[in-house]
Amino acid sequence: MLVEFTVGNYRSFNKPVTLSMVAAKIKSKDKQLDADNVFEAGRRLRLLKSAAIYGANASGKTNLVKALSFMRSFVLTSSMDRIASEPIHGEEFRLDSSTLGEPSLFEVVFLMSGRRFRYGFEVIGDRVESEWLFWVPSSREARLFVREEDTFKVSKKFSEEPRLLERHTRKNALFLSVVAQFNGPVAMEILEWFGQMEVVSGLFDPPHRRRSYEYLKKDSYKKDVVDFVKRLDLGIADIRVKEIPFSEEDLPAEMPDEIKKLLGIPADAKRITINTLHQVRDFEGKAQGTVTFDLDRHESDGTKKIFSLAGLMVWVLKRGKVLVADELDARLHSLITSAILGMFHSPTTNPNNAQIIFTTHDTNLLDFDLLRRDQIWFIEKDELEASHLHSLVEYKVRNDASFEKDYMSGKYGAIPLVEDIGLFERDSDV
């Protein structure tokens, strides 16, 4: 479970900003909203199940997602031999002379195995400048390790052979990743936590479709995937997948024969077909059977996206994981996005308290019947083009206020400043 994420001096973020999933001490107009959207995560800790991030185009929303994605990827791959000589792509903020040459900061606070951890690092150029890991074994935070360039202070609770592993830690690798590579139990569990945090783009579906396809072949997941799609009222009665032999006839007709021969299609090559079944009804509305549609040829882009998301969403919800999605609402109707949020908020469909963090332009979601004020975040740039992050809970707002109307009027900032360019002005002489 994610408690908070901090990033600084990375891309459009100059000074450190923090996205917190800790529930504020507020009450919604509808008390059921507080019960559904918040969960108890431990002693005196209540976390949010979702967070929506708004902002104008180029305000930094995607950069926040990229920051989490970079941290996740670096944790999982930095100790690999194949990147031993590669630089670290920290991408510091470049529009402030005082931060040029300074490291980029990344830190997460999370819950794992019932305990709270705080892990972070600073990177610049081709080296890790600092790295730290703390935990709360009982009531107070304790150090597991702290690294300042080549100097390490390591607790025996984290590693039994710190000196050996320090020598194996390259300047462009994370100590956490190296210890995990040598089977350190705490480090391995933390890498697993990062590996199971999903960071995706709602604008690019193909990577997720394969998961939906694979889950439809598993009895333990098939019903959940189909139910997810049917729940969103797409008129789909069932989904069926199969693999059939792939041959040259399946290649585009306009492709030259010479290219087809060069491809050398294996004899056992397969292609996947995904079919949706729709009910056929008579004039009285009575079911008369089903008709089969090809997902790619007959369904809308929105339906294709929902199918691609289905396996991912089912996995996250069933296992209680963290999903971070950029442009979640792309190609989706507001009611569909709202229904997906409802699945995360419902104890029935989200029994293990999965969390979703997403960027969006859909202002219809700014509704006090759907989101608490602490679940709504805004990103905007200042006059120096640096991104800042703030929550609606920081404003004095009534529980029954029109969040959408106030946001669109500029009350909370984070909206585009569109100039009147006189596009439709008529020349007085015409």
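**Cores, salt bridges and surface of the predicted model**

The largest nonpolar core has 57 residues, and the ones with the most contacts inside it are Phe106, Tyr119, Phe121, Phe158 and Leu176. Helix H2 (residues 61-77) supplies the largest share of this core, 8 residues. Everything described here comes from a predicted model. Phe121 gives a good look at the surroundings: leaving out residues up to four places away in sequence, Phe121 touches Phe70, Met71, Phe74 and Val75, then Ser104, Leu105 and Phe106, and also Ser130, Glu131, Trp132 and Leu174. Apart from the 57-residue core lies another core, this one of 51 residues, with Ile306, Met313, Val316 and Phe378 among them. As a general matter, nonpolar side chains in soluble globular proteins tend to be buried together.

Zooming out, the protein has 12 helices and 18 strands. Its C-alpha atoms fill a box of roughly 75 × 65 × 60 Å along the principal axes. Of the 430 residues, 50% count as buried. The accessible surface comes to about 22,400 Å², and 49% of that belongs to carbon and sulfur atoms. As for contacts between residues at least 6 apart in sequence, 64% join residues at least 24 apart.

Next, the charged pairs. The count comes to 23 salt bridges. One of them is between the side chains of Arg372 and Asp34, at 2.7 Å from N to O. This pair links distant parts of the chain, 338 residues apart: Asp34 belongs to helix H1 (residues 31-37), while Arg372 sits in the loop between strand S16 (355-359) and strand S17 (376-381). Are Arg372 and Asp34 buried or exposed? Both of these residues are buried.

The pair formed by Glu40 and Arg46 has another setting. Their side chains meet in a salt bridge of 3.4 Å, N to O. Glu40 counts as exposed because its relative accessible area is 56%, over the 50% cut-off. Arg46, with a relative accessible area of 30%, is partly exposed.

Helix H6 (residues 206-216) holds a salt bridge of its own, since Arg210 and Glu214 both lie in this helix, 4 residues apart, or about one turn. The side chains of Arg210 and Glu214 meet at 2.8 Å, N to O. Arg210 has 43% relative accessibility and so counts as partly exposed. Glu214 is partly exposed too, with a relative accessible area of 24%. The story does not stop with the pair: salt bridges that share partners join Arg210, Glu214, Lys217 and Glu243 into one network.

His390 is found in strand S18 (residues 387-391). With a relative accessible area of 10%, His390 is buried, because buried means under 20%. The side chain of His390 makes a polar contact of 3.2 Å with the side chain of Tyr395. Setting aside neighbours within four places in sequence, His390 is in contact with Ile376, Trp377, Phe378 and Glu380, along with Tyr395 and Tyr412. Phe378 has already come up as one of the residues of the 51-residue core.

Which residues does Asp238 touch, not counting those up to four places away in sequence? The list is Val226, Asn275, Thr276 and Leu277. Asp238 is part of strand S12 (residues 238-245). Its relative accessibility is 22%, so Asp238 counts as partly exposed; the cut-off for buried is under 20%. From C-alpha to C-alpha, Asp238 and Ala339 are 19 Å apart in space, with their positions 101 residues apart in sequence.

Finally, some nonpolar side chains show up on the outside. Ile259, Leu262 and Leu263 form a nonpolar patch on the surface, and together they have about 310 Å² of accessible area. Leu262 belongs to helix H8 (residues 257-263). At 71% relative accessibility, Leu262 counts as exposed.

Note on methods. Residues are numbered from 1 along each chain as its sequence is written. This is a predicted model: local features need pLDDT of at least 70, side-chain atom pairs count only at pLDDT 80 or more; totals for chains, interfaces and linings use all residues. Side-chain values use heavy atoms; hydrogens and water are left out. Helices (H or I, at least four residues) and strands (E, at least two) are DSSP runs, numbered from the N terminus. Buried means under 20% relative accessible area, exposed over 50%, partly exposed in between (1.4 Å probe, protein chains only). Contact means heavy atoms within 4.5 Å. Patches are made of residues with over 30% relative accessible area and no salt bridge: like charges are joined within 9 Å, nonpolar side chains (Val, Leu, Ile, Met, Phe, Trp, Tyr) within 5 Å. Accessible areas come from the Shrake-Rupley method with a 1.4 Å probe; for residues, only the protein chains shown count as cover. A salt bridge is a side-chain nitrogen of Lys or Arg within 4 Å of a carboxyl oxygen of Asp or Glu. A polar contact is a pair of N or O atoms within 3.5 Å; within protein, one must be able to donate a hydrogen and the other to accept it, and residues adjacent in sequence count only if both atoms are side-chain atoms. A nonpolar core is a set of buried Ala, Val, Leu, Ile, Met, Phe, Trp, Tyr and Cys residues joined through side-chain atoms within 4.5 Å.
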